[in-house]
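Please walk through this model with its sequence and coordinates side by side, moving from the secondary structure to the surface and then to the pocket.

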Amino acid sequence: MKIMTGMQLLNMYLNNVIVESKSSGLSPQEIFDNYNLQDIDPNKMYKVDIYYSGALDDPDEIIEYTEVE
């Protein structure tokens, strides 16, 4: 678990979009539109957990976050 600002969290998602776009052939905008990021406020703090799916050949990075009160 990490504590991150909303801006750091959004930047992490943006970096994932770039990597995913290169590997999938989809445009970055198509991938970014699939993320539900409307509730991330760049000025707030979040607890972020990152783990990976069980797929051995190409595991997906799963990011879960909750706002720090």
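Helices here are DSSP runs of H or I with at least four residues, numbered from the N terminus. In this predicted model, Ser23 belongs to helix 1, and because exposed means over 50% relative accessible area, Ser23, at 63% relative accessibility, counts as exposed. Along the chain Ser23 and Tyr65 are 42 residues apart, and their C-alpha atoms are separated by 25 Å.

A second place to look is strand 1, which covers residues 2–5 and contains Ile3. With a relative accessible area of 48%, Ile3 is partly exposed, and this residue joins Met1, Met45 and Val68 in a nonpolar patch on the surface, where the four together have about 380 Å² of accessible area.

The largest pocket, in turn, has a volume of about 380 Å³. Its lining consists of 13 residues, of which Asn16, Glu20, Pro59, Asp60 and Glu61 are the closest to the centre of the pocket. Two elements, helix 1 (6–24) and strand 3 (61–67), each give two or more residues to this lining, and the largest share, five residues, comes from helix 1. Sorted by class, the lining of the largest pocket comprises seven nonpolar, two polar and four charged residues.

Helix 1 therefore links two parts of this account, because the run defined by DSSP as a helix holds the exposed Ser23 and also supplies five residues to the lining of the largest pocket.

Notes:
Residues are numbered from 1 along each chain as its sequence is written. This is a predicted model: local features need pLDDT of at least 70, side-chain atom pairs count only at pLDDT 80 or more; totals for chains, interfaces and linings use all residues. Side-chain values use heavy atoms; hydrogens and water are left out. Patches are made of residues with over 30% relative accessible area and no salt bridge: like charges are joined within 9 Å, nonpolar side chains (Val, Leu, Ile, Met, Phe, Trp, Tyr) within 5 Å. Accessible areas come from the Shrake-Rupley method with a 1.4 Å probe; for residues, only the protein chains shown count as cover. A salt bridge is a side-chain nitrogen of Lys or Arg within 4 Å of a carboxyl oxygen of Asp or Glu. Buried means under 20% relative accessible area, exposed over 50%, partly exposed in between (1.4 Å probe, protein chains only). On a 1 Å grid over the protein atoms alone, a cavity is a set of points where a 1.4 Å probe fits but cannot get out, and a pocket is an open set with protein on both sides within 12 Å along at least five of seven lines; lining residues have an atom within 4 Å of a point. Grid points are joined across faces, edges and corners, and a volume is the space filled by probe spheres set on the points. Ala, Val, Leu, Ile, Met, Phe, Trp, Tyr, Cys and Pro count as nonpolar, Asp, Glu, Lys and Arg as charged, and the others, Gly among them, as polar.
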